[in-house]
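The following exercises are to be worked through with the sequence and the structure at hand. Each task is followed by a solution in steps.

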Amino acid sequence: MTPTAAAVPAAGATAPTFVPATVTPPRQRLRPVAWFATAARNVIETLDEALFDLPYRTVSWGGMRAAIVLDPALVEEVLLHKADAFGRGRVPQRLFRSIFPQGLLTVEGEIWRSQRRAAAPGFRAAMLDALVPVMAQAAERAAAELSSGGAGPTDVSAAMTSATFRIIREVLLAGDASSVSEAAMTGAVTAFMETGARLDPILIMGWNWLPRPGARKAREAVQTMRAGAQAALHARREGLAAGEAHQDLLQLLLDARDPETGAALTEEELIDNILTFINAGHETTALALTWSLYLIANSPTIQEALAAEAQEVIGAGAVGAEHLSSLALHERVIKEAMRLYPPAAFMSRAVVRPVQVGPLTLEPGTAVTIPIYVMHRSRRYWENPEAFDPDRFLPERSEGRHRMLYMPFGGGARICIGARFAMMEATAVLATLTRCLRFSPNPAHKIMPRFQITLRPDGGMPLYVERRLGANA
């Protein structure tokens, strides 16, 4: 598929509305062999034109039964009202279990509830407000690095990955850089995304007896990640034995006890959750920021409005918790970026007992896919859905919108525990950047969203970056 991008005037607008690049949907449903071949390259390219107008679709092939659910009312039944009829989706479970089999993203039932309770205090409002200086410091470092990149284009996706990794490392490990190397960990994550995260037929069908392409590199990447997490845990225990005191997410996990049994998390559960929070805690926010920078680079009027807002609200100092609620345009831009390019573009569930979902009668074993990417661009629910329009998240335009129509952090009981943290982080970082930098598109680089667990820009996101005259940051 070839990426497409255009600038078209919006009705009643004084500035052009940017229609950002994405894949061109196939006109017809792909046959099974073509579907598997395309999914192995980029599953976004399997989403045919008709899906963007449908409430649901059922699929049956080779003994496999599946339902694609797109109507928000039906999604609400799956994720909330009848959630006990569904288990975690088989494909993401196969992926996540190879990295963190006992982590919060993977476990179910009472084990999940226990781990969620253990981590919840780390995401309370007071704890998050105290983290904003960490976010500001990482953002200012990213701004300095981006502005010193020279006259050529700079890959802002790499810069955003570094910034968000530094933030989550501070939140999780109080900045213990010696045990968790940024280069080693982010390199291993990228290596796994490029190998183990490919949606090939072997992974989708669970044909574990067949060798997967890139399996050795994927195993090496996982080993690197797990070695880093184990080193961090070992260093923390040595520090505690020496009388050190810590107030971070890892300490909350170490101190957590099951309210009924009094049991602590096991060694494997601790390692798996270190990796869960490192991966989920920086990857999705980095992508939200990367796509936001791409969108505003191609929307100069909006970018200048962001700069004015940041300069007015923050002034010359560092962004603080007290500023975030006033950075309304920044928040809308981030929300719109995650609508167009949701970091987690798909959710999936597996039916574990017979259940009726609207008109769908679902039997055990049926795979249920919720393509958030399609829902966010559905012509049934959004006006001009392909256009970049942050003002669609103004309160007056959001009123009456179904809560399951916009799901960048998932939905239901298992909605992302770090959703508020991610929005605060993205807003703080974006405002720090727009206040002192100007971003421009790189016409030589073709934009293509590629799904590899998360929705990444293929080949990174090289943009031109320049410092604003008189910028303080």
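**Exercise 1.** Determine in which strand Thr154 is found, whether Thr154 counts as buried or exposed, and which residue is the bridge partner of Thr154 in S14.

Solution. The model under study is a predicted one.
Step 1. Thr154 belongs to strand S6, which covers residues 154–155.
Step 2. The relative accessibility of Thr154 is 16%. Buried means under 20%, so Thr154 counts as buried.
Step 3. Strands S6 and S14 are joined by 2 bridges and run antiparallel. Within S14, Leu463 is the bridge partner of Thr154.
Step 4. Neighbours within four places in sequence are set aside; Thr154 is then in contact with Leu146, Gly149, Met461, Pro462, Leu463 and Val465. Of Thr154 and Val465 it can be said that 311 residues separate them in sequence, while their C-alpha atoms are 7.0 Å apart in space.

**Exercise 2.** Describe how the side chains along strand S11 are arranged, and state how many bridges join S11 to strand S14.

Solution.
Step 1. In a regular strand, side chains alternate between the two faces of the sheet.
Step 2. Strand S11 (residues 437–440) shows such an alternation: Leu437 and Phe439 point to one face and are buried, whereas Arg438 and Ser440 point to the other and are not buried.
Step 3. S11 is joined to S14 (residues 462–467) by 4 bridges, and the two strands run antiparallel.
Step 4. Two positions can be followed across to S14. Leu437 has Arg467 as its bridge partner, and Arg438 stands opposite Glu466.

**Exercise 3.** Identify the residues that touch the most other members of the largest nonpolar core, and list what Phe439 touches.

Solution.
Step 1. The largest nonpolar core has 147 residues, of which Met160, Phe192 and Phe439 touch the most other members.
Step 2. Helix H11 (residues 267–297) gives this core its largest share, 16 residues.
Step 3. Phe439 lies on the buried face of S11 together with Leu437. Residues up to four places away in sequence are not counted; Phe439 then touches Leu146, Val156, Leu293, Ile296, Ala297, Gln303, Leu433, Leu463, Tyr464 and Val465.

**Exercise 4.** Find how many cavities of 30 Å³ or more the structure holds, and establish which residues line the largest cavity.

Solution.
Step 1. Empty space is revealed by rolling a probe the size of a water molecule over the atoms.
Step 2. A search of the whole structure gives 1 cavity of 30 Å³ or more. The volume of the largest cavity is about 40 Å³.
Step 3. Its lining consists of Thr284, Thr285, Ala288, Ile334, Met338, Pro343, Phe409, Ala422, Met423 and Ala426.
Step 4. At least two lining residues come from each of H11, helix H14 (328–340) and helix H17 (419–436).
Step 5. By character, the lining residues divide into 8 nonpolar, 2 polar and no charged.

**Exercise 5.** Name the residues of helix H4 that are buried, and name helices among what covers them.

Solution.
Step 1. Helix H4 spans residues 109–119, and its buried residues include Trp112, Ser114, Gln115, Arg116, Ala118 and Ala119.
Step 2. Helix H10 (249–255) and H11 are among the elements that cover the buried residues of H4.

**Exercise 6.** Classify Thr38, Phe451 and Val59 as buried or partly exposed, and list their contacts.

Solution.
Step 1. Thr38 is part of helix H1 (residues 32–42). Its relative accessibility is 10%, so Thr38 counts as buried. Apart from residues up to four places away in sequence, Thr38 touches Leu30, Val43, Glu45 and Thr46.
Step 2. Phe451 is located in strand S12 (residues 449–452). Phe451 is buried because its relative accessible area is 12%. Beyond neighbours within four places in sequence, Phe451 is in contact with Asn42, Val43, Ile44, Leu199, Ala345 and Phe346.
Step 3. Val59 has its place in strand S3 (residues 56–61). With a relative accessibility of 26%, Val59 counts as partly exposed. Neighbours within four places aside, Val59 is in contact with Arg29, Met64, Arg65, Ala66 and Ile68.

Key
Residues are numbered from 1 along each chain as its sequence is written. This is a predicted model: local features need pLDDT of at least 70, side-chain atom pairs count only at pLDDT 80 or more; totals for chains, interfaces and linings use all residues. Side-chain values use heavy atoms; hydrogens and water are left out. A nonpolar core is a set of buried Ala, Val, Leu, Ile, Met, Phe, Trp, Tyr and Cys residues joined through side-chain atoms within 4.5 Å. Buried means under 20% relative accessible area, exposed over 50%, partly exposed in between (1.4 Å probe, protein chains only). Contact means heavy atoms within 4.5 Å. Two strands pair if DSSP finds at least two bridges between them. On a 1 Å grid over the protein atoms alone, a cavity is a set of points where a 1.4 Å probe fits but cannot get out, and a pocket is an open set with protein on both sides within 12 Å along at least five of seven lines; lining residues have an atom within 4 Å of a point. Grid points are joined across faces, edges and corners, and a volume is the space filled by probe spheres set on the points. Ala, Val, Leu, Ile, Met, Phe, Trp, Tyr, Cys and Pro count as nonpolar, Asp, Glu, Lys and Arg as charged, and the others, Gly among them, as polar.
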